Structures are given as C-alpha cells and as structure tokens.
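Dear colleague,

I am passing on a structure that I would like you to look through at your own pace. Please open it first, and then read the notes that follow beside it.

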Amino acid sequence: MKFKLNVVTLALLASAGAMLPNAAIAVDSYSIQHANTAKVKFNKWVCKRCSVETGYRGTVGVGVGYNDSDDIHSANAFAAENEFAAKVDADLSYTAKSGYKADLDVDNLGMENSRAEINVGKAGLYNLNLNYRQIATYKTDSAMSPYQGVGSDQLTLPDNWVTAGNTQTMSQLNSSLSPLELSLKRKRAGLGLDYTFIDTQGASILTTYINYQREDKDGVKQASGSFYNQSTMIAEPVNYTTDTLEAGVRLGGDHWFAALNYNGSMFKNEYSELSYDSAFNPTFGAQTTGYIALDPDNEAHTLSLMGQYAAGKTTFNGRVHYGLMTQDQDFSTSGYGYQMPSESLDGEVETSGVTLKLVSRINRQLRINASYDYNDRDNQTNVEQWTQISIDSTTGQAAYNTPYDTTTHKAKLAADYRVARGHKLEGGLNYQQDERNYQDRETTEESTVWAKYRVSTFDKWDMWLKSSYSERDGSKYQASQWTSSESNDLLRKYNLADRQRSQVEARFTHSPIDALSIDFGARFALDDYHDTQIGLTESKDISYDASVSYLLTKDMTLTAYYNRQNIDSEQAGSTNFSSPNWYGLVEDQVDVIGTGLSYNNLMEKKLRLGLDYTYSDSTSTTQVTQGITGDYGDYYAKVHNINVYALYRATDKMDLRLDYKMENYKDNDAGNDIAPDEIWNVLSFGSNSHDYNAHLVMLSMSYRL
C-alpha cells in the first residue's frame with residue numbers, strides 16, 4: 001500500500017511514537033526515523049497557523065520606594081538598606097524573521113538583591129549570555145566594639161586605651177565602643193557562549209559551550225581571637241574574589257550522546273591574616289598583639305566525561321570524573337616563634353569518581369532502575385610535624401596535619417510496577433559503604449529498603465504512602481590517636497555510630513470541586529543509636545503540612561498553608577570520663593503559616609487587589625538532667641510578613657502598582673545578647689538580638705511594548 005507523507009501524517013506518527021512506545025511504530029525499521037522521506041518536498045511544508053511573532057515585545061518598569069526601619073536586618077526581607085530605594089525591571093525580547101533573537105530579563109536592579117540577564121543568538125545555532133546578580137545578607141548594624149580599622153586587616157585600640165585583667169575594670173571600654181555592621185555582599189558577573197556546528201542538511205554535529213563568571217564578596221563577619229583564657233569578638237574582613245570557568249563539548253546521534261566538560265574555580269583572598277591589639281593585660285608570653293590566618297587562596301579543577309546510549313527500551317548513561325584541589329599560599333607566621341617545617345601547606349587533594357545508571361522498561365507494567373556511584377578523595381598533602389603554642393593542658397605538644405582520605409560506594413536497585421489502572425507500586429534497595437582513614441571508625445555500611453504505593457484511581461483523589469528502614473554499622477569503633485586522644489572511650493560520633501532509622505511519609509491531594517484543591521502531607525522519622533552510651537542516642541523528626549487553594553468567584557482566589565516540624569534529640573554525657581551521668585534533651589519546633597487573597601477585574605477590569613501574609617515561629621529548648629533538671633531557656637525567632645498591593649491598568653500599555661510591606665521580627669538568641677563587659681574574660685559585641693517593625697512602600701510603573 002502506498003501513501004503520501006504530509007505534515008498531518010508526520011505529526012500523527014510522531015505523537016504515536018511518543019505516546020505508544022510499545023506499539024509497532026517503535027519497532028526497528030518501522031520507527032519514524034526510518035520513514036522513507038526521499039520524495040517529500042520539505043520546502044513546501046507550510047503551517048499557516050505557526051507564524052512566528054517578530055519585532056519587539058515585553059514590558060519595562062521602574063519603581064521608587066521609602067524604607068522605614070531601625071534595624072538593618074530587615075533588608076534581608078525588603079532588599080533595601082537605605083531610607084530610599086529605586087529599581088528597574090524588564091522582560092523584553094526581539095525576534096527577527098531570520099531567526100535572530102534577543103532577550104533581556106531584569107529583576108529589582110538597584111535593590112540589594114537583584115539580577116539581570118541578556119541572551120542574544122539564533123535558535124539551534126548559537127547563544128551569547130551576559131548575566132549579573134547581587135546577593136546581600138545582613139546580621140546586624142549595632143555590634144559594639146572598641147576597635148578601629150574595621151574592614152581592614154589591622155584592628156587597633158584607641159591611643160588612650162588602658163589594658164586590664166578583666167572586662168569590668170577596663171576604664172576606657174564604654175567610651176570607646178562604636179557600632180559596626182556585620183553584613184556580606186556578593187556581586188557576580190558572567191559571560192557565556194553556546195555554539196552548535198551543523199552539517200549541510202541542517203543537522204547538529206557538535207555543540208560547544210564556555211562560561212566565565214567572577215564573584216566578588218565583600219563585607220565584615222564575626223570572628224574571635226584569644227590570649228590564653230581571654231577571648232575577644234573581632235570583625236573579620238571579607239574581600240574574596242572567585243573566578244569560575246566552565247567549558248565543554250557535546251556530540252551525539254539518534255540513540256547516543258557523549259560530552260566532555262571542564263570546571264575550574266580560583267579563589268583569592270585580599271587579606272592573608274588579621275592582626276588585633278589585646279584589650280587585656282599581657283599574660284602568656286607577654287603578647288600584646290594577636291594574629292589570625294584568614295582563608296587562603298586555592299584552586300579546584302574537575303574534568304568529566306559523560307555519555308548515554310539508548311537500546312530499545314533500555315537506557316544506559318554514565319559519568320567519570322577527575323578533580324584536583326590545590327592550596328600553596330605561604331603560612332602566616334606572625335606571632336609564631338617556632339621553626340616552620342615548610343613555608344606553605346602545599347596542599348593537594350585528588351578526587352575521582354564513576355557513576356553508572358540503567359533504566360529499562362521490561363513491559364508496560366514494569367520498569368527497573370539501577371545505579372552505582374564511586375567517589376574517592378585522596379589527600380596527597382605531605383604530613384609534617386608542627387609545634388603547638390601551649391595555652392592549656394591539652395596543647396603544646398607536637399602535632400601533625402592529618403591527610404584525611406575517603407572512599408564511598410553507593411548502589412541502588414529500584415522497580416516500579418503498575419498493578420492496575422491508577423495503582424502503582426515502587427520499591428528498592430540502597431547500599432552505601434564509606435571508608436575513612438585516621439578516624440574512629442574506618443568503615444561504615446548502611447543498607448536501606450523502601451516501598452511506595454500510589455493510588456490515583458479514585459475520582460479527584462491522588463494519594464501515596466512511602467516507608468523505609470535502614471541500618472548502619474561498620475568496623476570496630478576505637479578512639480584514634482589522631483582525633484580522639486582526649487575523648488571518652490564510650491563516646492560515639494553520630495555520623496559514625498551504629499544507627500537504625502525508620503521513616504514513614506504520606507501525602508493526599510483532593511479536589512472535591514473544580515474551584516477547590518486540598519493537599520495534606522505528613523512524615524515521621526526515628527533514628528535510634530542503639531549502641532551509643534555517650535553521645536547522641538535518639539532523634540525524632542515529625543512534620544506535617546496542609547494547603548488549600550479556593551476560587552471563591554471567577555475573580556477572587558484564596559490560598560492558605562500551614563507547616564509544622566518537631567525535632568527532638570536525646571543525648572548522654574559524662575563528666576568523669578566514665579559511664580553516663582548526665583542526659584540532655586533538645587526540642588526544636590518550627591511553625592509556618594501563610595495565606596494569600598487576590599481580587600481581579602475591579603473598576604471595569606482595571607484593578608487588581610492582593611494580600612499576602614506569612615508567619616513563622618521557630619523555638620528551641622534545651623534541658624539537662626544531672627540529679628536535677630536544669631532548663632537552659634528558650635531560643636526563639638518570630639517573624640510576621642505582610643504585603644498588600646494594588647495593580648491598576650492606567651492605559652492599554654501602562655500599569656501602576658503600589659506595594660506596602662511590613663515585617664515584624666523578634667528573636668532572643670542568648671549568643672547575641674551578651675554585654676561587652678558581662679563576662680570577665682570575654683570582650684563581646686554586646687546585645688545584637690532583634691526586635692523591630694519595618695515598613696516599605698514601593699510605587700512602580702510598567703510599560704508594555
């Protein structure tokens with residue numbers, strides 16, 4: 001039988017091949033790629049409804065705002081640090097008849113958290129990308145310190161400073177305190193190019209890409225320095241530059257592809273060490289200036305080869321990689337009077353790995369997945385003997401840098417079986433083996449079995465239940481002379497200890513009517529460290545969440561959600577290096593509530609009103625029992641966020657939007673609530689807990705091309 005191929009026929013064949021993989025069309029020599037198209041006149045194919053819109057389109061907008069806040073922490077939510085804020089937004093594109101296309105995407109440019117991206121190219125041939133992003137995080141602007149030169153690598157005390165044996169007798173402390181800001185800003189800019197080589201028939205031969213990115217990170221973060229048993233909170237300068245280069249090539253055919261990729265990063269720190277004057281009377285060694293070595297320059301390079309092959313209903317893919325990390329910056333020796341065994345660490349770590357995966361559809365009901373991962377970290381750094389500065393009973397002896405090596409094997413086998421229409425059963429086995437050196441346990445092995453059953457056969461219901469059980473054990477646990485010479489022999493580190501983990505998860509989704517959708521999920525996990533006498537003995541993790549979306553009218557939508565998570569951790573300890581004689585319980589709880597309401601098509605379909613509200617409350621309590629029970633007090637962080645907005649279509653091309661945002665934030669972290677002279681041998685940053693109301697009003701305008 002003879003028939004002619006046309007656009008509709010080919011479309012039906014392609015759809016059939018995608019929807020009916022087991023039908024005769026997918027059999028070798030009868031698949032769509034084997035169709036005889038020698039006499040097909042491709043140049044006469046015309047899709048009258050497939051016209052491509054050319055020219056300019058999109059929106060561009062500007063906004064100005066007023067920020068009312070007395071705590072810089074609010075800038076994490078508002079992305080506005082100063083009293084007045086301004087931004088530019090854009091979503092523009094240009095398409096030419098030749099296929100050339102350019103896109104511009106700008107979001108909140110001018111605010112503290114913003115991004116911009118430009119893509120220029122021709123579909124299927126090349127693309128040039130330029131991108132920029134800024135991310136800022138703020139801790140506080142009211143940290144108090146007597147030091148001058150904050151932000152540099154030299155912190156000095158005022159000329160009239162008088163040292164003392166404790167903070168309460170420092171006569172110039174209060175008069176010398178000045179506020180400083182603890183914040184970090186990252187500015188990232190990148191340039192990338194993708195290019196595809198094609199043959200005379202228009203088919204892809206080879207695809208290449210190269211991306212370069214530079215990130216500058218600046219600011220000040222909290223650090224601490226010590227002289228014997230006296231400690232001082234100090235401001236560590238951050239002036240980092242990270243250059244990242246990615247490049248690769250990809251080629252493939254009908255059933256396969258292969259790719260070779262390179263990734264490299266080069267990290268540089270403007271400062272190698274931080275010096276600071278001692279605020280206390282000279283003690284050990286009569287030192288009056290302290291020094292801290294800062295993050296050293298380093299490099300990391302990775303080369304990987306990956307590929308995939310499809311044979312009928314089975315797909316194989318794999319990846320091999322090799323990496324090298326180096327660090328050879330000269331040591332900071334200021335204040336260190338001993339002979340150095342070398343001028344730098346000359347650190348070198350090699351990483352390598354293999355990943356293999358297989359997916360095979362046995363029949364219409366059964367599919368099998370299998371994978372194996374191997375990763376090895378080989379520390380090639382030379383081991384040297386170092387003389388420690390003696391500041392307590394456990395230091396001052398010779399020490400060695402420890403070249404930690406790790407090797408990990410992971411294997412997974414899983415299957416999913418369609419029991420009947422709307423019923424699906426999944427299950428699998430996972431195995432992981434970790435090998436380590438110079439640690440309390442050389443080998444750990446963990447095996448996991450899991451199963452999941454999903455039901456979607458009931459009208460307007462979708463639900464699933466998943467359960468898993470795992471056990472971890474390993475080689476003999478023994479204290480290491482490298483890491484645990486001062487530890488209790490009964491102590492078990494939680495990441496190495498024997499553990500039994502049980503976990504159950506469930507989720508239900510229901511849409512009783514077209515306008516209403518309800519979702520509910522819950523999870524329970526229990527970690528039992530059954531062989532641990534000293535250390536973490538048990539951990540429970542219980543969480544559940546619910547959400548609802550309701551279309552009240554054709555113009556009004558209501559959404560709401562709630563999430564709670566409770567984590568309870570039990571541990572045992574000993575004060576006499578023997579059996580347990582005290583017990584601790586840490587209870588963490590997080591609640592998150594949110595709701596949103598939008599009302600469209602008001603004022604002759606020109607106005608949209610909206611309200612979004614979220615509330616989160618995280619608390620943590622710690623109790624210790626040693627004969628009697630003592631409560632360490634609560635830690636909490638509570639935050640309310642409100643955003644009320646109005647969007648008005650002033651003309652067919654111009655929209656006006658008014659936003660009002662409010663944040664109410666309060667926490668009581670005891671670690672941030674210590675007066676500078678509250679502890680006799682600790683000079684702190686003072687009270688830096690948060691309790692504020694912040695407001696932001698933003699007026700913006702957008703214009704459609």
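Leaving out the neighbours up to four places away in sequence, glutamine 222 is in contact with Lys139, Leu182, Met233, Ile234 and Phe685. Please keep in mind from the start that this is a predicted model. Glutamine 222 belongs to strand 8, and with lysine 139 its side chain makes a polar contact of 3.2 Å. Is glutamine 222 buried, partly exposed or exposed? Its relative accessibility is 34%, and because this value falls between the limits of 20% for buried and 50% for exposed, glutamine 222 counts as partly exposed. To give you a sense of distance, histidine 301 lies 79 residues from glutamine 222 along the chain, and the C-alpha atoms of the two are separated by 30 Å.

Now to the protein as a whole. It has 705 residues, of which 30% are buried, and its secondary structure consists of four helices and 34 strands. The C-alpha trace spans about 100 × 65 × 55 Å along the principal axes, while the accessible surface comes to about 41,000 Å², with 53% of that area belonging to carbon and sulfur atoms. If you take the contacts with a separation of 6 or more, 60% of them are between residues 24 or more positions apart.

The strands deserve a careful look. Strand 13, residues 298–311, runs antiparallel to strand 14, residues 314–327, and 13 bridges join the two. Among the paired residues, tyrosine 309 has phenylalanine 316 in strand 14 as its bridge partner. These two strands form a hairpin with two residues between them, and in the turn glycine 312 has a positive phi of about 65 degrees. Strand 14 is also joined to strand 15, residues 347–361, by 14 bridges, and this pair too runs antiparallel; here arginine 319 stands opposite threonine 355 of strand 15.

Elsewhere there is an open sheet of three strands, in the order 6-11-12 and with mixed pairing. Which strands stand at its edges? They are strand 6 (154–155) and strand 12 (289–293), and since each has a single partner strand, one side of each is left without a neighbour in the sheet. Strand 6 runs parallel to strand 11, to which two bridges join it, and leucine 155 stands opposite tyrosine 276 in strand 11.

As for the interior, the largest nonpolar core has 18 residues, and those that touch the most other members are Tyr147, Met170, Ile234 and Ala279. Strand 8 (204–227) and strand 11 (273–277) each supply at least two residues of this core. A second core, separate from that one, has twelve residues, including Ala79, Ala637, Tyr665 and Tyr692. Coming back to methionine 170, its contacts beyond four places in sequence are with Trp161, Ala164, Ala279 and Phe280.

Finally, a word on confidence. The mean pLDDT of the protein is 90, and 90% of the residues reach 70 or more. Over residues 1–34, however, pLDDT stays under 50, and for this stretch the model has 24 contacts beyond four places in sequence. Where pLDDT is low, predicted coordinates should not be read in detail.

With best wishes

Note on methods. Residues numbered from 1 in each chain as written. Predicted model: local features only at pLDDT ≥ 70, side-chain atom pairs only at ≥ 80, totals over all residues. Heavy atoms only, no water. Pairing = 2+ DSSP bridges. Core = buried A, V, L, I, M, F, W, Y, C linked by side-chain atoms within 4.5 Å. Buried < 20%, exposed > 50% of the residue type's maximum accessible area, 1.4 Å probe, protein only. Contact = heavy atoms within 4.5 Å. Polar contact = N/O pair within 3.5 Å; in protein donor to acceptor, adjacent residues only side chain to side chain. Areas by Shrake-Rupley, 256 points an atom, 1.4 Å probe, with all protein chains shown as cover. pLDDT = per-residue confidence, 0-100.
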